[in-house]
Structures are given as C-alpha cells and as structure tokens.
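Reader: I am new to this structure and should be grateful for a close look at a single part of it. Would you kindly describe how one pair of helices packs together, and then place that pair in its wider setting?

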Amino acid sequence: MSDKEEMALDGSLNVTLTLRLLMHGKEVGSIIGKKGETVKKMREESGARINISEGSSPERIVTITGPTEGIFRAFAMIAEKFEEDITAAMTNSNVTSKPPVTLRLVFPGSQCGSLIGKGGSKIKEIRETTGAQVQVAGDMLPDSTERAVTISGTPQAITQCVRHICSVMLESPPKGATIPYRPKVIPTGAHAVLAPQHTAQAFAIPGQYAFAHQDLTKLHQLAMQHIPLPSLGQSNPTFPGLDASAATSSQELAIPNDFIGCIIGRQGSKINEIRQVSGAHIKIASATDGSAMRQVTITGSPASISVAHYLINARLTSVQTNLGVL
C-alpha cells in the first residue's frame, strides 16, 4: 500500500465509510445466527453497524457502516464465520482441498476504474500484496450504477483486501449520483420470464426475473440433480418466455477450481443441462497458473443469464452442503 493510501486510511479513522455486500439467504442466516446472536456479537465487537435488507429475495444486501477499523473488524469476523461454515460442510464431504472464503461487494461503478487502475495495475497490486483474488464484474448490476466485486481468499487476505478497497474509496470518491442495486421480487405478470397463473407466488432470482413457485422448484430440483432434464415437461426443455431475441449481454463469475467439476458434471452433462435450460452460452476459461479461481462467462439475454446464474449458484450450494454429487 502506498504512503498516500496509508495516509488516507490513517486520517480516516473518524470518517464513517459504508460498504455493501451481496449475500444469498443461507449466508445471511449464518451471519444472523440463532436468535440473532451472531450478528449482535459482530456489531458489539467490531463497533460497526451491520444492517441486513428485508425481503424474501434470494439475494440480500448487508450494509456495514463505521470507522475504517470497525469495518475491518466486521469483515474479519464475517470471513472467519464463513470459513467455519466451509470447514463444517467439508467434515462429511469428499472434497479434498478447502475452497477459499468468497465475499461479493457491491461497488459504485464510477469507482471501479480506480480499483482496477491503469492497465489493471491497481487490482494486480492488490492481488499480489494481499494474496486475495479480486474480480470486478464487467456489467452493472440490474437497474443500478453498481458492479459486483468478488474477493476470495483466507479471512486474513480478505481483510487486507478490504483495507485496500477502503483506501481507494477515500482517495477516489464516487462521481455523480450512485443508483444502488436493490434485489427485489417483480410481481408475477410484470416482467415474468414464465407464464404462471396470476395466483401463483413469484420468487426472484438474480437478475430480477420472477418465477412461479412450482417452476422455481423445478429449477431447484434440476440443480440438485433430483429430476432428469426431460421431466421439466416439454419437448423443448428451455423455459417458455425466455426471450432469445432480447439484447444479449455478458456476466462474469469467479468459481473456485475445486468446484468447477461440479458445474461441468460428468462428461459435461451438468453444464450442458444449464446451457439447455437457460438458453445462455457459458464459457469456462482454462486454469491459470497460481490462481485458485476460474473465470466463467455467461452470455445471452438478461433472462437467460439469470437462469444460468441461478442454476450455477444452486449447484455450488448443493455441493458445499454435501447434498450434490461431484
């Protein structure tokens, strides 16, 4: 970290910063703990305010606000809790090497250039200095001017990485107004990908497309390998209403090497199912020397990307909790 950055952090101990995290329901449950005891302890010991967005969306926003040292302590405690969860999930698992802890920050798009640096110099320096993997999403999150920044590594590496990110935030404030990303459930019939009955309860998946409960259940069962692809009920298994003619875009994900096999499946069976159901083009980059992560690029209509993203996340969750098969 440069002297200028150290000065920015040293002079900011009484400055209040806010960082936002994007988490799935299971991760949020882990942070909250039984009767809210875990999050209460984190708030008390870190000195930071930790707020969790309300709602039934599969994604929730966790907002951490406080002086920089309080933010670092809160991130350290969250990362350590997730590492405990990974260790517990591996106890009865046949996964041999431990996956890194992964957190997803939601970052104003106007500050991403400063985080990446000229020719990628800043992000390279952060990776080399902290040992953490850092990925900045190419596209804005839906209906916002924010991007997802994924950081992976040991709890110590993640905390050091957050120090660098805070220094960037202090040195390069956001330009103009930031439209925050808000995960939400769109009412059935508004922009629903499927055509469910209007009485059916709808659930959102990443990308904010609504699915009727019974169809989301099918997606979930497919992801968990509980039903074969043809039993989705149509000769063409791709969900009706996925508008293939919609403007295409791309989304990049970073997935630990240890889990890439569960996404691909035996002889490519799982990745082919995900491609077929979602209608998205999915490209998995070759392994990079020294990197614990693999880049996965999903290309297609926003709806197709949403379905593919959901299925990939569901597969990862199922394997990490020892419900799926490698």
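Author: The account below takes up the pairing of two helices and then turns to the nonpolar cores. The model is a predicted one. Two packed helices are described by the angle between their axes and the distance between the axes. Here the pair consists of helix H6 (residues 121–130) and helix H7 (residues 155–171), whose axes come within 9 Å and cross at roughly 150 degrees. Angles over 145 degrees count as roughly antiparallel, and H6 and H7 are therefore roughly antiparallel to each other. The crossing in which H6 passes H7 is right-handed. On the side of H6, the contact is made by Lys 122, Glu 125, Ile 126, Thr 129 and Thr 130; H7 contributes Ala 157, Gln 160, Cys 161, His 164 and Val 168. Sorted by class, the residues in this contact of H6 with H7 are four nonpolar, four polar and two charged.

The wider setting includes the largest nonpolar core, which has 44 residues. Leu 21, Ile 64, Phe 75, Ile 78, Ile 151 and Val 162 touch the most other members of this core. Helix H4 (residues 68–90) supplies the largest share of the core, ten residues. Leaving aside residues up to four places away in sequence, Phe 75 touches Leu 19, Leu 21, Ile 64, Leu 103, Leu 105, Thr 159 and Val 162. Another core lies apart from this one; it has 21 residues, among them Phe 259, Ile 274, Ala 308 and Leu 311.

Definitions and conventions: Residues numbered from 1 in each chain as written. Predicted model: local features only at pLDDT ≥ 70, side-chain atom pairs only at ≥ 80, totals over all residues. Heavy atoms only, no water. Core = buried A, V, L, I, M, F, W, Y, C linked by side-chain atoms within 4.5 Å. Buried < 20%, exposed > 50% of the residue type's maximum accessible area, 1.4 Å probe, protein only. Helix = DSSP H or I, 4+ residues; strand = E, 2+ residues; numbered from the N terminus. Contact = heavy atoms within 4.5 Å. Axes fitted to C-alpha atoms, helices over the stretch in contact; angles between N-to-C directions. Parallel < 35°, antiparallel > 145°, perpendicular 65-115°, else oblique. Left-handed = near helix turned anticlockwise from the far one by under 90°. Nonpolar A, V, L, I, M, F, W, Y, C, P; charged D, E, K, R; others polar.
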